[in-house]
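I opened the model today and kept notes as I went. Here is what I looked up, in the order I looked it up.

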Amino acid sequence: MTKALVIYAHPAHQRSRANRMMLDSIKGISDVTVHDLYQTYPDFFIDVEAEQALLLEHDLIVIQHPVYWYNMPALLREWQDLVLEYGFAYGRDQQKLKGKGLWIVMTAGAPEHTYATEGVNERPLSDYFLQYERMANVCALKAFPNFEIYHSRHMTDDVLERAVATYRQNLLSYLEECRHG
Amino acid sequence: MAEAGFLAQAFIFLAAAVIAVPIAARLGLGSVLGYLCAGAVIGPFALGLIGQDIDEVMHFAEFGVVMMLFLVGLELDPSKLWRMRMPIIGMGGLQVVLTSAAIAGIAAIYLDNWQHAVVVGMVLSLSSTAIVLQTLNEKGLMRNDSGQSAFAVLLFQDIAVIPMLAILPLLAVSEVGTFSDKHNLPGWQSALMVLGVVIGIVLVGRWLSRSAFRIIAQTRLREMFTATALFLVVGIALLMEHIGLSPALGTFVAGVVLANSEYRHELEAEVEPFKGLLLALFFISVGASIDFGLFMAEPLPVLAMVGGLVLVKLVILLILGKLFGLSSRSNAIFTFSLAQGGEFAFVLFSFASAQDVLPAYIIEPLTLVVALSMALTPLLFVINEKLVLPRLGGQQQARPHDAIDHAEGKAILVGFGRFGQIVGRLLRMNGFEITVLEHDAQQVDLVRSFGHKVFYGDAARIDLLDAAGIADATLLVLAIDDHERMLQTIEQVKRHHPSVKILARAAGRREAAELIHAGADHIERETFDSALSMGRQALTIMGFRAYQAQRAAKLFKHHDEKSLYALSEVLEDDRKYITMAKQHAVDLEKVLRSDDQANTELDDRGWDAQ
């Protein structure tokens, strides 16, 4: 059975708009597990064994979070340090996640045009997340193209709805791709 | 002694001590020298305030030595001994044997018979535990190689006193004062008796003392414990004396047997002041009996003997330090610290004199020599620091690194009920050494049966905390529920040991403020965190996200503690309860109001709504 794991990290989910809609859209798909980090570990005490077992059970790893300060939320960063450890995620002949799919989903508050050489953020968003490329490489994961939603607070409802639909569609098709190798 | 005479004499002794000891301490000479000087001043060779009955006083004061050995025994926790077995037996053993042999060899040249020479060698091989430990402690050298080696040697010497006391009578040249003069038993029988008595003490100590102490403890009368501790020491001493053995040996064995007992610190605290006073008396009487006339008459031979003694000791210690791999700096400190005669020499001399082992014409000059060599100790330290160490180079101070070693950094935990247990278990699980004091004898038994090392004792007493080692502790945790007791303890500990951090358990808000005011470094209200935790669960069930509830609880705690600390400062101005209560109400209101503000603030801060 091919399954997807959505690792979700949002410190203020209760106030989110885009992320909440996205998660709602994939609710109930039997092959998709949503794992809410801030809900599971509010004290930042991460159960490393349980996390690693969860990763091993799934074939497509989705990492989903809002962008704050050109970065991922603190708890996800902590998760990365502890769970993707040497001897499990990387190391000679020890890449236990080898061959699994990796899909990065990010939401940013600012509009897309600001993430450009001439925009206020000066670089494309992917530049700030070069580390995900490295992560896929070091752990021998098969990376799918990043999915980014911009202007997440202020975009109109119908634009957002269309973005969410694409998100759902992509998830299902990547899952299918993983299924057939 | 008539009562007036006794009081007058006590007054002279006390006055001399009260004047001389602080002066000696000021000059960095240590209390033992202070007492000796005090004795010398009031003795027949100076002011002549005390005269004929000095022998009587000395005999009485020797009981202080008996108590000292009981306390030395109490300190000898078997596991500590085992850990240090190599330096104790190796360095200590060799030091005593080699120094005894060397001095005996030299003495044999001057003395008529070899027995006297051997006795002199043994007696002079000992160093001064009291002076050396005090000095090394003051200089912060105890944790270094040099300090630990010196401690090992001193420990061996302290233990070696016991067999020496047993051997001395065998070396008597004259007929009187043989080993067992009361019973005149043949050698093997008296040996059997020694064995029997020691086994008896061990058995009684193991099986009977615990229940006896528990019954005493349950009376909750402090003076009963004092009486019991004295009863124990005096009883054993009398028993030993009756069968013709050394009382010091008996109490030492009793001390070792009780070293593992939960009542150890309590016993230490009870016996300590008596020991201190009696030892002081002993040193004063030794000082008074020093024959300065002798020194005046023949200063050169006396000085030569002092120089010879120190030199022999220096050479042997230096070789031992090399042999056991001390660095040259550590070795210098080790060597110079131990190169004097010790207080046990006075004990052994007076014992030898009583048993007619040594004649007075040998004892008198040698007592003078030992006292002078002790007086030289501070001077030797100065020579080492100013002349020797600078030549050795290397780092200025071989300071142990700062990282917390697990065996180091000692914590004392007071109260081992539901609250204290959690703190104690957490510390112990993470490898920290803790000493636990608990005042409920039944609780002590219960917890002990689960394998925890807990001592019986009422911790509001500074002397008990001293016995538990507060002087070199990092942390004191007060987890008892007697608020007034804790306040007293905090004030006392902060006064005597300001560097010790204190954590205290508070019943409620007001108690917490008082504890902070008294000087606690950190307080925990016993129900606050669990209530907060429950509030956090409540928020989650009411629909908050887990992390949101966590933040809300943290924020609440932050505000509440801030106002609590503010409240504790108000205490300083006015301790009246009514003002306090008013302040309380105002403060609570402030907390509630700021909570409202905080909520809206938090909602708008950070983490925009993506």
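Before counting any pairing, I fixed the rule: two strands pair if DSSP finds at least two bridges between them. I also kept in mind that this is a predicted model.

**Entry 1: strands in chain B**

With that rule I went to strand 4 of chain B, which is joined to strand 5 (residues 501-506) of chain B by four bridges, the two running parallel. For the register I noted Leu475(B), which sits opposite Lys501(B) in strand 5 of chain B. Then I checked the pairing of strand 4 (residues 473-478) of chain B with strand 1 (residues 410-414) of chain B: parallel again, over five bridges. There, Ile412(B) stands opposite Leu476(B).

What lies between strands 4 and 5 of chain B in their β-α-β unit? I found helix 21 (residues 483-496) of chain B, and the unit is right-handed.

**Entry 2: helix 22 of chain B**

I moved on to helix 22 (residues 509-518) of chain B and listed its buried residues, among them Ala512(B), Glu514(B) and Leu515(B). I wrote down that the glutamate is in that list, along with Ala513(B) and Ile516(B). After the helix comes Gly519(B), with a positive phi near 125°.

**Entry 3: helix 12 of chain B**

How many residues does helix 12 (residues 264-289) of chain B have, and how far does it reach? I got 26 residues and 35 Å from first C-alpha to last, close to the 38 Å expected at 1.5 Å a residue. I also looked for a bend and got about 35° at Val271(B), with Pro273(B) following within four residues. Burial was next on my list: 20 of the 26 residues of helix 12 of chain B are buried, so the helix is largely enclosed by the rest of the structure.

**Entry 4: Val123(B)**

I picked Val123(B), in helix 6 (residues 114-125) of chain B. Buried or exposed, going by the C-beta atoms around Val123(B)? It's buried, because 28 other C-beta atoms lie within 10 Å and the cut-off is 20 or more. Leaving out residues up to four places away in sequence, Val123(B) touches Ala345(B), Leu348(B) and Phe349(B). I also took the C-alpha distance from Val123(B) to Gly341(B): 8.4 Å, for a pair 218 residues apart in sequence.

**Entry 5: Ile63(A)**

I did a similar check in chain A, on Ile63(A) in strand 3 (residues 60-66) of chain A. Ile63(A) is buried, with 21 other C-beta atoms within 10 Å. Its contacts, again skipping residues up to four places away in sequence, are Ile7(A), Ile104(A) and Val105(A). Between the C-alpha atoms of Ile63(A) and Leu102(A) I have 7.7 Å, with their positions 39 residues apart along the chain.

**Entry 6: whole chains**

For chain B I tallied 25 helices and six strands, with 42% of its 610 residues buried. Of the chain B contacts with a separation of 6 or more, 72% are between residues 24 or more positions apart.

Chain A comes to seven helices and six strands, in the order β-α-β-α-α-β-α-β-α-α-β-β-α from the N terminus. Buried residues are 33% of its 181, and the long-separation share, counted the way I did for chain B, is 82%.

**Entry 7: where the chains touch**

Last, I looked up the contact, which takes 19 residues from chain A and nine from chain B. The chain B side has four nonpolar, three polar and two charged residues.

Definitions and conventions: Residues numbered from 1 in each chain as written. Chains lettered and ligands numbered in written order. Predicted model: local features only at pLDDT ≥ 70, side-chain atom pairs only at ≥ 80, totals over all residues. Right-handed = clockwise from strand over helix to strand, strands pointing away. Contact = placed C-beta atoms within 7 Å. Nonpolar A, V, L, I, M, F, W, Y, C, P; charged D, E, K, R; others polar. Buried ≥ 20, exposed ≤ 12 C-beta atoms within 10 Å, placed from the backbone. Expected span 1.5 Å × (residues − 1). Bend = angle between axes of the 7 residues up to and from the residue.
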